[in-house]
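Biologist: I'm new to this one, so could you take me slowly through the surroundings of ligand 2 and the iron site beside your notes on it? Start with what kinds of residues make up the shell around ligand 2.

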Amino acid sequence: MSRVTKHSKWRYVLLGAITWLAAFSLPQSVHAEYADVVINNYADAAGIRPVVFPHWFHRIRFRCKVCHADLGFQFKAGGNKITMAKIIDGKFCGACHNGEIAWSVENCALCHSGIPGTPTHFHGSTVQRLVAPAYKPVEQ
Ligand code: HEC
Ligand code: HEC
Ligand code: HEC
């Protein structure tokens, strides 16, 4: 193998590495503003607090693809018609919150932590502003 071929081979490897880095690092910074999602299609009506899904917390632990491709989560706040039956069946949140990958469904209050009456939406702020203070009981 001549020196020239060796050089161009490494140039391709380097180019590949740069493309790979750009592909995986750019989307992260572009979507840096994504924060929490309040999910309240059924919760209020069922007499339980709305769900606060900490998007950022999950994003830094898993690739987008895990949830939005493999687990089928639509890119839309409240767009998935999630029910407890589906979760217990291992779908949506239940794919991980099963006592193996993450704590299980018995921990109702960890997911149902929203202030009652908060509509389904994607929230730009921190989870603290959406979660009802634990010391203040909410009459239902
Ligand atoms: C891992 C997160 C998570 C945990 C833990 C969890 N839920 Fe849910 N639950 C959800 C999500 C998400 C929804 C959909 C909310 C909506 O659209 O209103 C939901 C919906 C509900 C609903 C309304 C719809 C339905 O399926 O009846 C009830 C009632 C409910 N949960 C009760 C509970 C109770 C009781 C527990 C504890 C035994 C619990 N949940 C634990 C995430 C969770
Ligand atoms: C652990 C699972 C999980 C991971 C990982 C994840 N998401 Fe999400 N994402 C969700 C859930 C759940 C919702 C809300 C869906 C619902 O309310 O039914 C959501 C909602 C969204 C939305 C819609 C927000 C709106 O305005 O309605 C966008 C956009 C999004 N995600 C982008 C991303 C991107 C980009 C990544 C990777 C950097 C990512 N997500 C990683 C679970 C995840
Ligand atoms: C791809 C796996 C995965 C999916 C899907 C998933 N989670 Fe989680 N979640 C985790 C892991 C892992 C943790 C961290 C568990 C721990 O600290 O022991 C976690 C932690 C949490 C926490 C606690 C965050 C904190 O600050 O400690 C909440 C609340 C939560 N999940 C809600 C949800 C809800 C609601 C859904 C569905 C809309 C969901 N999760 C879907 C993996 C997942």
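Modeller: By class, the shell around ligand 2 holds 12 nonpolar, 7 polar and 3 charged residues; nonpolar here covers Ala, Val, Leu, Ile, Met, Phe, Trp, Tyr, Cys and Pro, charged covers Asp, Glu, Lys and Arg, and the others, Gly among them, are polar. Keep in mind that this is a predicted model, where local features need pLDDT of at least 70 and side-chain atom pairs pLDDT 80 or more, while totals for chains, interfaces and linings use all residues. Residues count from 1 along each chain as written, chains are lettered from A and ligands numbered from 1 in written order, and side-chain values use heavy atoms, without hydrogens and water.

Of those 22 residues, His-55, Cys-64, Cys-67, His-68 and Asn-80 come nearest (near means a heavy atom within 4 Å). As for polar contacts (N or O pairs within 3.5 Å), the side chain of His-68 has an N or O atom 2.8 Å from a nitrogen of ligand 2. Backbone N or O atoms of Ala-77 and Gly-78 sit 2.8 Å and 2.6 Å from oxygen atoms of ligand 2. Strand E1 (36–39), helix H2 (55–59) and helix H3 (64–70) each give two or more residues to this shell; helices are DSSP runs of H or I with at least four residues, strands runs of E with at least two.

Now the iron of ligand 3: His-58 and His-97 coordinate it through NE2 at 2.0 Å (donors are N, O and S atoms within 2.8 Å, or 3.2 Å for Na, K and Ca). His-58 belongs to helix H2 and His-97 to the loop between helix H4 (84–88) and helix H5 (108–111), so the pair links parts 39 residues apart in sequence.

Definitions and conventions:
A polar contact is a pair of N or O atoms within 3.5 Å; within protein, one must be able to donate a hydrogen and the other to accept it, and residues adjacent in sequence count only if both atoms are side-chain atoms.
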